[in-house]
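Please open your viewer and keep the sequence panel beside it. We will go from stop to stop, selecting a few residues each time.

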Amino acid sequence: MKIAPTRSVRNWAVGFGVAALVAWPELANAGFIFERDSYYQIDFSGSGLGTAVTSYFANAFLPSGGDSFGTTLTFKPGSYDGFIGTHYGATSSFPSSIPAGQTSVYGIVTNPGTFTNPTTAFPNGYGLLQFGYVTNNGPDLTSSWTESLVIGGREVLHFRGGGSGLVDAGGKFTDTIYIQGNWADNAAVQNGHQLNGFDPSFTVGKNFVYYPTIGYTILTLSNPNMQVASPNIDFYLFGDTVSAVPEPSTWAMMVLGFAGIGFMAYRRKNKADLAAA
């Protein structure tokens, strides 16, 4: 596999998030969110696709007006290193860290609308709510963003993400996925990809484009009006050929077969010894 150095997904999300005025996909209440964005960074801690670790990060862009609202944030059951934070004058009752394995937390978010900024990167009065966590690969797509498969005799990493209960007309929703290494080729070759599908209301921007200067392949999808709860992004990454491993029943038959062959050889040897005597 082609492995590149890891860069924290928080660096990507904060840098792009403020510039693009982004927001967030895991909020149950969408009435106080102007725009949202999700970031996924898939890194490999070892030489196989099964070592995938996905860092998830999201921003909620809060409009000015001094509003408060309560909402429930959801987490994958296999999540860890979860965190929640507010910036640019916004505050919340959420804890700053989330215990591993916790699946939801309720809190109240307040944006007093008092933030001022001399630049245009982040408008006056707006607030920012941030959220993120990490999942290791598998054992399934309920617990993690990825799972391991074997398709056509090849190691495959299956990703499915971008889901949310957040629906709010008028704001843009963008998903950005960073994958460590070069996965720009199609599924016909090693280190290739196969985009299985996504919600038709979303448009692909960067379609598995590899950037050698950062060592990541990037996929982006966007919806201009946030009226769909989930883009349902689904893709495969294809790796090495997998050696066939016999099923347990096959192993049992093989053991019995070897035992039988050994026994027959032993009997033939005994008969030969008796005949010689």
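What follows is a short walk through a sheet, a buried glycine, some aromatic rings and a salt bridge.

Before the first stop, note that this is a predicted model, in which local features need pLDDT of at least 70 and side-chain atom pairs count only at pLDDT 80 or more, while totals for chains, interfaces and linings use all residues. Residues are numbered from 1 along each chain as its sequence is written, and side-chain values use heavy atoms, with hydrogens and water left out.

**Stop 1: a three-stranded sheet**

Select residues 68–74, 91–92 and 104–110, which are β3 and β5 and β7. Strands here are DSSP runs of E with at least two residues, numbered from the N terminus. Together these strands make an open sheet in the order β3-β7-β5, with antiparallel pairing; two strands pair if DSSP finds at least two bridges between them. β3 and β5 each have a single partner strand, so one side of each is left without a neighbour in the sheet. Now zoom in on β3 and β7: seven bridges join these antiparallel strands. Which residue of β7 is the bridge partner of Ser68? Pick Thr110 to see it.

**Stop 2: Gly132**

Next, select Gly132 in strand β8, residues 127–136. Is Gly132 buried or exposed? Its relative accessible area is 0%, so Gly132 is buried (buried means under 20% relative accessible area, exposed over 50% and partly exposed in between, with a 1.4 Å probe and protein chains only). Add Tyr56, Phe57, Asp81, Gly82 and Phe83: these are the contacts of Gly132 once neighbours within four places in sequence are set aside. Contact means heavy atoms within 4.5 Å. For a distance label, use the C-alpha atoms of Gly132 and Ser38, which are 9.5 Å apart although 94 residues separate them along the chain.

**Stop 3: aromatic rings**

The structure holds 19 aromatic pairs. Rings of Phe, Tyr and Trp (its six-membered ring) pair if their centres lie within 6.5 Å; planes under 30 degrees apart count as stacked, over 60 as edge-to-face and the rest as tilted. Show Phe173 and Phe202: their ring centres are 5.4 Å apart and their planes stand at 80°, so this pair is edge-to-face. Phe173 belongs to strand β11 (residues 173–180), while Phe202 sits in the loop between β13 and β14, 29 residues apart. Phe173 is buried at 0% relative accessibility, and Phe202 is buried at 3%.

Move on to Tyr178 and Tyr216, another edge-to-face pair, with centres 6.5 Å apart and planes at 85°. Tyr178 lies in β11 and Tyr216 in β16 (residues 216–223), so the pair ties together parts 38 residues apart in sequence. Both are buried: Tyr178 has a relative accessible area of 2%, and Tyr216 has 0%.

Then select Tyr40, Tyr56, Phe75, Phe131, Tyr133, Trp145, Phe159, Phe208 and Phe235, which form one aromatic cluster. With Trp145 still in view, add Lys76, which lies over the face of Trp145 at 4.6 Å from the ring centre. For such a placement, NZ of Lys or CZ of Arg must be within 6 Å of the ring centre and within 35 degrees of the ring normal.

**Stop 4: the salt bridge**

How many salt bridges are counted? The count comes to one, where a salt bridge is a side-chain nitrogen of Lys or Arg within 4 Å of a carboxyl oxygen of Asp or Glu. Select Arg160 and Asp234, whose side chains meet at 3.0 Å, N to O. Arg160 is in strand β10 and Asp234 in strand β17, so the pair ties together parts 74 residues apart in sequence. Colour the two by accessibility: Arg160 is partly exposed at 40%, whereas Asp234 is buried at 12%.

Conventions
Helices (H or I, at least four residues) and strands (E, at least two) are DSSP runs, numbered from the N terminus.
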